[in-house]
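Student: I'd like a close look at one part of this model, the chain with the small sheet. Please begin with how far its elements can be trusted, and then show me how the rest fits around it.

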Amino acid sequence: MLLNQFLLLAAALFCIGVYGVLVRKNAMLVLMSVELILNAVNINLVAFGTLTDDVGGEVFALFTIAVAAAEVGIGLAIVLLMYRNRRSIDLSEADLMKG
Amino acid sequence: MTALLAGISSDTDIFVLQNIFFGVIAAVMIIGALRVVTTSNIVHAALWLVVVLAGVAAQFILLGAEFVAVTQVLVYIGAVVVLFLFGVMLTRASLGDDESVAEEKRTMAALVGVLLFVVMAGALLDTWSDDRVLIEEPQRVAEVSDSIFSQYIVPFEAVSVLLLAALIGAIVVARKD
Amino acid sequence: MNSLLAVALPLVTEGPSEVSSVTNDANWFLENAWLIPLLPAISFLLILFFGKRMPKKGAEFGIAAVGLAFVLAILTGVSWIDHRDNFDGPLAESPSTHAVDDHSDDADHSDDADHSDDADHSEDADHADDADHADDLVLTTEADDGEHAEDDGHGEESHAYVAVQKSTQWFQSGGIEFNAGILVDGLSVMMLFVVTLISLLVHIYSTDYVGGDRRYTHYFAFLSLFTASMLFFVLSDNILQMIVGWELVGVCSFALIGHWWEEKPNSDAALKAFLTNRVGDVGLLVGMITLFFAAGGGQTFDTLAINNAINQGTVGHTALVVAAAALMAAVMSKSGQFILHTWLPDAMAGPTPVSALIHAATMVVAGIFMVARLYPVFFEGMSIGGSSINLLSTIGAITLVFAGLLAFVQTDIKKVLAYSTVSQLGYMAMALGVGAWGAAVFHLFTHAFFKANLFLGSGSVAHAVHSFDMKKDMGGMRKFMPQTYKTFIIGSVALAGVFPLAGFWSKDEILVGTGGWGLFGGTGGNGAYTFHLTMGMIGAALTAAYMTRCIYLTFHGEYRGNDHADADPAHAGEHAAPHESGPRILWPLYILSGFSLVIGLVNLPPGFFESSKVLSFLPHGWEERFLHFVEPGGASYFPAISHGTPSWSLAIVSSLIAIGGGALAYWYYFVKVDGLAKQTEQHLTELPNGLVTTNKLARTGHKVLVEKYYLDHLYTGVIAGFTKGPLARAAYWVNQNIIDSTVDRAGETAVRVGQGLYDKVDQGLIEGVVNGSGRISDATGQELRKINSGKVQNYAAILFAGAAVLAGVFVLIFAL
């Protein structure tokens with residue numbers, strides 16, 4: 001198996017995740033897109049780890065998973081707060097910083 | 001592509017099979033990701049996300065990282081997606097179709113995405129054009145755990161503290177008082 | 001008798017020596033002569049501050065200071081006499097000592113040939129003697145060769161004439177040094193003696209004359225200041241100091257003339273004196289500045305340096321002509337020469353002792369002194385040697401005759417004496433103008449004594465009758481004031497120039513010096529000033545005549561003071577019996593008349609004893625003593641002038657003319673008027689139907705004299721009137737219509753330009769630019785603001801786009 005196929009897959013997932021972050025209005029969906037990005041990174045890590053026969057790639061992927069989980073938890077809490085304060089999680093309405 | 005096909009033809013059956021599996025799973029993943037970012041139903045988006053995550057786990061197995069694959073399924077699909085669904089519920093998202101894609105941003109975002117992909121792809125194809133991933137045997141869990149608790153002990157502890165912080169933080173941020 | 005028929009050789013003083021005749025190192029009195037002006041100056045300050053509290057109201061300070069100064073002056077004089085004959089010390093480096101090759105470079109002398117011949121003769125004759133003295137001399141320069149022995153025609157050898165100069169630098173600025181110092185030579189020493197003696201006598205006289213005056217202390221303060229200023233003036237070693245002294249004495253004169261300024265005529269007279277002097281001071285400044293710039297290579301104020309330079313021929317002739325002409329104006333005003341003399345008679349409004357001191361003996365001779373001091377300027381500038389007419393001598397001659405004529409029509413005794421002073425000053429100026437330097441200075445010397453004597457005498461008379469009017473209040477005073485009468489007679493005879501009193505010797509020397517006498521071999525001199533000789537003789541006749549008139553009107557006839565007693569009963573008793581004045585008035589009179597008697601004998605003309613068989617037993621050493629000590633013959637700063645040989649024929653003729661004039665007046669007054677008065681038993685002062693009443697020409701002449709040649713009318717009426725009236729109006733018109741309008745026009749233009757600038761440039765252009773830039777910034781800002789949409793995803797979009805581009809750039813770079 002070529003390395004590149006995994007890497008290209010990861011790149012594709014990453015770009016789709018970026019598209020999702022930029023396009024989605026709902027905050028939850030943005031978070032989901034962020035998950036896509038993180039997973040793409042994970043694939044990259046493991047692929048390189050396997051390439052170089054280094055276990056560090058997997059270990060790093062594990063840590064990434066843990067961090068992603070923590071991040072989702074906090075993100076969700078923030079979104080809940082946002083919902084509580086303004087009854088909507090539409091990101092296009094969150095433009096108080098508009099200058 | 002030719003290198004891919006060449007690789008496929010010149011390898012043994014196992015590798016050919018692996019490549020086929022890889023291709024199928026990769027296609028599913030891509031479709032799933034696209035659906036995540038384009039569907040107007042938020043629950044559907046979460047479910048398509050599950051598909052993607054599962055695909056990722058399969059890729060891990062293909063790469064011989066079994067422990068990571070299992071952890072991926074447990075944590076991501078089992079916890080994170082559930083969390084997402086909870087969030088969806090708590091924020092009273094309309095469960096039906098919802099216009100949750102901003103029309104005006106689509107073009108620009110698509111452009112950005114494409115641009116990014118082109119750049120990255122170009123770089124990747126240029127750099128690792130002929131590298132192969134050779135898996136003699138899947139990674140042993142014992143080696144992973146040895147590595148975590150010896151070489152990467154400090155990041156491990158840091159991550160645990162991070163999780164603690166995230167835990168407390170989430171409670172603090174989201175509590176009603 | 002031989003010398004009568006012999007051809008008179010011009011007695012030439014040696015040409016100016018090559019090395020500057022000055023030293024800094026001499027007798028203590030000569031070096032410290034600056035103490036002499038200092039004492040009256042200190043007394044001035046003391047009187048000013050403490051005078052009112054002193055028992056004698058400040059007079060003590062004045063008399064003590066001047067007395068002490070007089071003693072110092074005598075000692076200085078004695079030191080000078082010793083110095084003149086015995087000085088062998090080192091000469092000083094004067095500022096301009098150029099080595100001149102030849103005396104024949106002095107191109108302005110017409111008697112050059114004679115001059116250089118004499119020089120050669122003396123040199124040859126005296127080198128032998130020089131060799132003897134060479135061992136004794138302690139000289140640090142090569143002055144050995146420069147010391148020419150003066151051959152005064154008797155085969156006697158006399159010493160080189162060396163002046164003493166001490167100066168310090170006061171300050172220097174821009175390369176010009178301003179020094180203050182003293183220059184002591186025969187001329188200064190003589191002036192010191194005269195000024196201190198007459199000032200002392202005037203001080204003593206004033207204690208009686210102005211006793212009880214409302215401003216007694218003030219008077220004495222100014223007397224001291226005047227004395228100090230005059231002494232300062234005569235001791236000056238540079239022309240700047242001379243200017244300072246000149247002005248100072250002018251100020252003191254102003255203050256003292258206007259002593260009783262409560263009466264307007266007095267203050268008017270004081271102003272007239274000061275302002276007329278001011279006119280001349282312009283000439284003084286111009287002349288001095290010309291000399292400063294023209295003299296010898298460097299620019300220097302030092303009198304000696306200037307004189308040396310002129311004698312060595314390094315100064316341009318045009319500059320000298322200009323300087324001499326300008327300084328002439330100064331002399332004309334200060335020393336009362338013809339056109340600018342008008343202030344002197346009016347100055348008689350001041351107290352009589354002041355007139356005696358200032359306007360007879362000392363201040364008015366400041367101009368003469370200045371000419372004498374800077375003689376090379378005039379000698380070269382006016383080409384005195386060898387010509388027959390020049391500005392200085394002619395003005396002097398005119399002055400002496402015209403002023404003499406004016407003395408005839410005065411009723412005020414002091415005015416008679418004032419015009420007489422003007423006339424005598426004319427003598428001195430004429431003498432300087434014809435090259436008779438020694439004669440002029442000697443006349444200055446003698447004139448001081450007898451004129452002060454006459455003034456103080458008139459003051460004594462006036463003190464007794466409280467008036468100066470001869471015709472109205474005097475007459476027959478010889479009965480009441482015999483002592484004053486005697487001293488007055490002695491003074492008048494000395495003034496008229498009768499042998500053997502002082503005036504005869506000095507006046508005769510002047511006439512000799514004109515060189516115009518051609519009979520019996522003539523007198524020689526520096527030129528042939530025949531016109532001036534004539535004027536001099538006429539002047540002598542006039543002098544005798546008006547003095548005779550004055551004596552008759554004052555002392556002879558009957559006392560007229562009570563004549564208008566009926567008209568003025570209040571003062572009737574005062575004039576009843578005038579009495580002789582007290583000792584403080586009389587003793588100065590005695591001293592001065594004593595001097596008038598004998599002072600002429602210090603300058604007996606050479607050949608006097610030889611040619612007169614009677615006195616031939618007296619030693620030659622008595623001849624020309626004054627000239628020997630005072631005239632800087634052979635000094636580097638004195639030009640080579642010729643001395644005339646005295647001639648008995650001239651002396652006799654001039655005496656006859658003078659006596660003739662006096663006799664005419666005597667005949668008119670003592671014989672005819674007195675006779676008529678006795679006949680008709682009236683108090684007459686003139687013949688009732690005399691020449692003036694009958695003859696139209698005489699009457700016109702009399703009128704012109706009484707109006708003082710209409711000069712005052714010219715000055716105040718015409719010149720001042722023109723300036724005050726039409727000239728001032730014209731200037732005002734120019735100012736209002738031309739100057740002011742230009743300024744106004746300039747102002748209006750400026751305002752309009754400003755307005756235009758404001759509207760077009762400031763408001764239009766600049767404001768436009770500034771506002772425009774503001775608006776541009778605003779618009780840009782409005783557009784750029786839209787980036788801040790507040791939407792996170794927009795920001796993220798830009799972020800990712802940027803990252804993508806950057807990544808692309810890096811990839812491309814690495815690929816390439």
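Tutor: In chain C, confidence differs from element to element: helix H6 (residues 143-146) has the lowest mean pLDDT, 34, and helix H8 (residues 216-234) has the highest, 93. Here pLDDT is the predictor's confidence in each residue, on a scale from 0 to 100. Helices are DSSP runs of H or I with at least four residues, strands are runs of E with at least two, and both are numbered from the N terminus. This is a predicted model, in which local features need pLDDT of at least 70 and side-chain atom pairs count only at pLDDT 80 or more, while totals for chains, interfaces and linings use all residues. Residues are numbered from 1 along each chain as its sequence is written, and chains are lettered from A and ligands numbered from 1 in the order in which they are written.

Chain C as a whole has a mean pLDDT of 80, with 83% of its residues at 70 or more. Two stretches need care. Residues 1-10 of chain C stay under 50, and the model has 18 contacts for them beyond four places in sequence. Residues 96-157 of chain C are also below 50, with 87 contacts in the model beyond near neighbours in sequence. Two residues count as in contact if their C-beta atoms, placed from the backbone, lie within 7 Å. Where pLDDT is low, the predicted coordinates should not be read in detail. For the model overall, the scores are ipTM 0.91 and pTM 0.63.

Now to the sheet. Three strands of chain C make an open sheet in the order S2-S5-S6, with mixed pairing. S2 and S6 of chain C are the edge strands, each pairing on one side only. Strands count as paired if DSSP finds at least two bridges between them.

On one side, S2 (residues 22-23) and S5 (residues 163-173) of chain C run parallel and share 2 bridges. C:Val22 has C:Ala163 in S5(C) as its bridge partner, and C:Thr23 stands opposite C:Val164.

On the other side, S5(C) runs antiparallel to S6 (residues 176-184) of chain C, and 9 bridges join them. To follow this pairing on screen, start at C:Val164, which stands opposite C:Val184 in S6(C). Then look at C:Lys166, whose bridge partner in S6(C) is C:Ile182. In a regular strand, side chains alternate between the two faces of the sheet. S5(C) and S6(C) form a hairpin with 2 residues between them, and C:Gly174 in the turn has a positive phi of about 60°.

Further along chain C comes helix H10 (residues 264-294). Its 31 residues should span 45 Å at 1.5 Å a residue, and the end C-alpha atoms are 45 Å apart, so the two agree. The expected span is 1.5 Å times one less than the number of residues. H10(C) also bends by about 30° at C:Val279, where the bend is the angle between axes fitted to the seven residues ending there and the seven starting there.

How does chain C meet its neighbour? 10 residues of chain C are in contact with 11 residues of chain A. Helix H32 (residues 792-815) of chain C gives the most to this side, with 5 residues. The residues on this side of chain C divide into 4 nonpolar, 4 polar and 2 charged. Nonpolar covers Ala, Val, Leu, Ile, Met, Phe, Trp, Tyr, Cys and Pro; charged covers Asp, Glu, Lys and Arg; the others, Gly among them, are polar.

Chain A also touches chain B, where 77 residues of chain B are in contact with 59 residues of chain A. H4(B) gives the most to that side of chain B, with 13 residues. That side of chain B divides into 57 nonpolar, 15 polar and 5 charged residues. Chain B itself has 7 helices and 0 strands. Of its 177 residues, 27% are buried, which means that 20 or more other C-beta atoms lie within 10 Å of their own; 12 or fewer makes a residue exposed, anything in between partly exposed, and C-beta atoms are placed from the backbone.
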